[in-house]
Amino acid sequence: MDQPTEETLDPQDWQAMRVLGHRMVDDMLTYLQTVRERPVWQPVPDQVKEDLRKPLPIDPQSPEDAYHDFVENVLPYPLGNIHPRFWGWVMGNGTPFGALAEMLAATMNPNLGGGNHVANHVELQVLDWCKQMLGMPLSASGLLVSGGSMANLVGLTVARNSRAGFDIRRQGLPAAPKRLVLYGSVEMHSSIEKAVELLGLGREALRMIPTNERFQIDLAALEKTIAADRTAGAQPFCLIGNAGTVNTGAIDPLNDLADLARREKLWFHIDGAFGALGAVSPELRPLLTGLERADSIAFDLHKWMYMPFEVGCVLVRDPEAHRLAFTLTPEYLAHFERGAASGSHWFNEYGPQLTRGFRALKVWLSIKEHGIAKYGRIIKQNVDQCRYLTRLIEASPDLELLAPTSLNIVCFRFKTAGGAEAALNHLNEQILMELHVQGIAVPTYTTLNGKFAIRVANTNHRSRREDFEVLVREVIRLGKALSASAQA
Ligand SMILES: Cc1ncc(COP(=O)(O)O)c(C=O)c1O
């Protein structure tokens, strides 16, 4: 009888794949080593966009040709976040060893949803390290997730489910005797709003409390709103603190919020997407006092721990509340006594995902590579660089600081004598776009009190002080040139 032809996706020529793999590693290390020499950003050429709209390939291409296509058409046009002068939104850079770790993780390709295998222990180890970094008890539970958005969603899900006062997983929100409401400042990140929407609470359930002149939550207004809600028959269940707001890096008074949450019997969730990592620096730790009192903390290792995307983390003080929010064990996921389906800790019981990748490996290897003390030093270095940039801005008659520099975010603008606000906003938008288009630097933007701000969020381990000097010099040069051409 004829044997059927059986195929595999493994290479037919392992030696050729080995040679290509070595070349790829060499090319990528050179790419990282020389990143400073390239523009921070450049547009994707039309030709490349066109080439990226080809029909589905039916027939194979050699891996060498496919890789060539990547080198020619993909590699030269990044967003720029690995560059030393990228300070846009809040992003990290990744590291060479982190990139290699991704290759190792993809090679082992384990599934951390469940089962009895070593990768789960690596994630548990990493989670214990995260608890130590932020001062959470080792008895807390945790989960590595795609990023801060998912970490907020998981934390707020546990908050909702454990504080609803009825079986919300079974009965759903329609069974709620009272409207569930939660609190945070107007400076909260949009991912919190999205999480509240996804949880079916409705965005109006999220009470947006005003802030003071340092962009921290107004405690008096917060207390008043909670009292008014109780009087109106709502059920407050959660208080959200910011450890580093996205706009300005402001840190809410976390200890006061923890006290209030205890008094009011509210779940205390902290969004510390980047700011929580300030706790890794002994000098910055005091700014975050109260962090360790959270019921849940969301933070990102791909921001201020510089790990390759994606990796965020949520820690939950009460492991049982965490598990009860997500556990669901059908027959086909039952745990056995022995073998691959045994093991006591299955991560799918702690979050919405079943299949989960080995993001823990890059964290484990990176922390081993550098040791936590060095992370603390570089995080502090980023804050010092922002203080330096702030001094440069304050010393320049052409620039204006638009918010106090609390941590690692600096908001400022170019100003002209007697410039009307609308004109200044327009001018600064133009400056920002020129910085990008000319490949000089990528800060981004926000609006503070109606003023368009050029916003530098420094979670960049490659930046040096001279990079901030370049930024200041170029903003002034562009500001003057654009104002002159507007007047001509
Ligand atoms: C304060 C804050 N929370 C949450 C997030 C969302 O994190 P991610 O982009 O990793 O989903 C961000 C992102 O910048 C953030 O700054």
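**Figure 1. F274 and W304 are both buried****.** This view comes from a predicted model. The two rings form an edge-to-face aromatic pair, with 6.4 Å between centres and 65° between planes. The pair links distant parts of the chain, 30 residues apart. F274 belongs to the loop between β6 (267-271) and β7 (296-300). W304 belongs to the loop between β7 and β8 (312-316).

**Figure 2. Y67 and F70 stack in helix α3****.** Across the whole structure, a search finds 7 aromatic pairs. In this one, the ring centres are 6.1 Å apart and the planes meet at 25°. The angle is under 30 degrees, so the pair counts as stacked. The two residues are 3 apart in helix α3 (residues 63-73), about one helical turn. Y67 is buried, at 5% relative accessible area. F70 is partly exposed, at 32%.

**Figure 3. Four aromatic residues form one cluster****.** Its members are F86, W89, Y445 and F452.

**Figure 4. Two arginines lie over tyrosine rings****.** R38 lies over the face of Y31, 4.1 Å from the ring centre. The charged end of R465 sits over the ring of Y388, 4.4 Å from its centre.

**Figure 5. A shell of 15 residues surrounds the ligand****.** The closest are G148, S149, D271, D300 and K303. The shell holds 4 nonpolar, 8 polar and 3 charged residues. Helix α6 (residues 148-163) gives the largest share, 3 residues.

**Figure 6. G148, D271 and K303 make polar contacts with the ligand****.** A polar backbone atom of G148 is 2.8 Å from a ligand oxygen. A side-chain N or O atom of D271 is 2.7 Å from a ligand nitrogen. A polar side-chain atom of K303 is 2.9 Å from a ligand oxygen. Alone, the ligand exposes 390 Å², and the protein buries 85% of that.

Conventions. Residues numbered from 1 in each chain as written. Predicted model: local features only at pLDDT ≥ 70, side-chain atom pairs only at ≥ 80, totals over all residues. Heavy atoms only, no water. Near = heavy atom within 4 Å. Polar contact = N/O pair within 3.5 Å; in protein donor to acceptor, adjacent residues only side chain to side chain. Areas by Shrake-Rupley, 256 points an atom, 1.4 Å probe, with all protein chains shown as cover. Helix = DSSP H or I, 4+ residues; strand = E, 2+ residues; numbered from the N terminus. Nonpolar A, V, L, I, M, F, W, Y, C, P; charged D, E, K, R; others polar. Phe/Tyr/Trp six-rings, centres within 6.5 Å; stacked < 30°, edge-to-face > 60°. Buried < 20%, exposed > 50% of the residue type's maximum accessible area, 1.4 Å probe, protein only. Lys NZ or Arg CZ within 6 Å of the ring centre and 35° of its normal.
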